[in-house]
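Open the model in your viewer and switch to a cartoon view. We will start at one pair of residues and work outwards from there.

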Amino acid sequence: MTDSDANQEDGADAKPRWYVIQCKGGESFRAAEHLANQGYEVFHPVLQVEKKRRGKLEWMSEPLFPHYLFIRLDRMVSNWRPIRSTRGVLKLVGFGNAPLAVSDMLVETLREHASDYQDATANLYFRTGDPVMITEGPFKDLQGVFAGQKGQQRAIILLDVLHRQQRLEMPVSQLRRG
């Protein structure tokens with residue numbers, strides 16, 4: 001290794017870098033909040049998904065990367081000690097005992113597109129081809145096939161009527177897995 005290579009590595013260590021934190025199951029929001037309260041710069045990308053809870057479809061925030069979040073740290077200046085004992089944190093992701101930095105460009109790209117997947121809504125409860133049961137209305141108790149979604153509140157169902165498959169549009173809230 002030449003002196004210039006060593007200087008470049010020292011320079012890389014002197015600037016803040018992004019690292020990945022693995023969180024305890026279901027506690028990434030708690031970990032992000034507690035790390036931010038301690039003054040760390042944290043990036044926890046989330047997206048809005050529609051899930052069925054207590055029989056109703058609700059929009060919820062879920063991590064884009066379940067059990068993981070990003071933290072920006074300086075190897076020379078940042079206090080790394082409190083991180084591991086922060087509520088919700090399992091460990092810093094690394095190789096051996098050394099945490100590995102992730103590409104700044106990766107995190108910046110995720111940040112640039114954060115609004116895309118924050119505003120995008122995904123129905124993770126029903127997938128194309130899933131059998132569904134209609135729970136309300138004139139077709140109650142009939143089984144169909146989920147064919148897609150039209151907007152946020154409407155679903156397209158394939159229903160066998162008179163020995164032919166018909167496309168039917170109805171509220172997503174009137175469906176359950178069949």
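Select L158 and look across to strand 14: the bridge partner of L158 there is R167. Keep in mind that this model is predicted.

Now widen the selection to residues 154-161 and 164-171. These are strand 13 and strand 14, which pair in the antiparallel sense over eight bridges. Which residue takes a positive phi in the hairpin of strand 13 and strand 14? Colour L162 to find out: its phi is near 55°, and two residues lie between the strands of this hairpin.

Next, go to the other neighbour of strand 13. Select residues 143-150, which make up strand 12. Strand 12 and strand 13 run antiparallel and are joined by five bridges. For one of the pairings, pick K150, whose bridge partner in strand 13 is R154.

Zoom out to the whole sheet. Its five strands follow the order 14-13-12-11-15, with antiparallel pairing, and the sheet is open. Strand 14 and strand 15 (175-177) are the edge strands, each pairing on one side only. Turn the view along the sheet to follow the twist, which averages 45° from one strand to the next.

Finally, show the full protein. Its secondary structure comprises five helices and 15 strands. Colour by burial, and 30% of the 178 residues count as buried. Switch on a surface: the accessible area is about 11300 Å², with 50% of it belonging to carbon and sulfur atoms. As a last stop, consider contacts between residues at least 6 apart in sequence: 61% of them join residues at least 24 apart.

How values were computed: Residues are numbered from 1 along each chain as its sequence is written. This is a predicted model: local features need pLDDT of at least 70, side-chain atom pairs count only at pLDDT 80 or more; totals for chains, interfaces and linings use all residues. Side-chain values use heavy atoms; hydrogens and water are left out. Helices (H or I, at least four residues) and strands (E, at least two) are DSSP runs, numbered from the N terminus. Buried means under 20% relative accessible area, exposed over 50%, partly exposed in between (1.4 Å probe, protein chains only). Contact means heavy atoms within 4.5 Å. Accessible areas come from the Shrake-Rupley method with a 1.4 Å probe; for residues, only the protein chains shown count as cover. Two strands pair if DSSP finds at least two bridges between them. Axes are lines fitted to C-alpha atoms, for helices over the stretch in contact, and angles run from 0 to 180 degrees between N-to-C directions.
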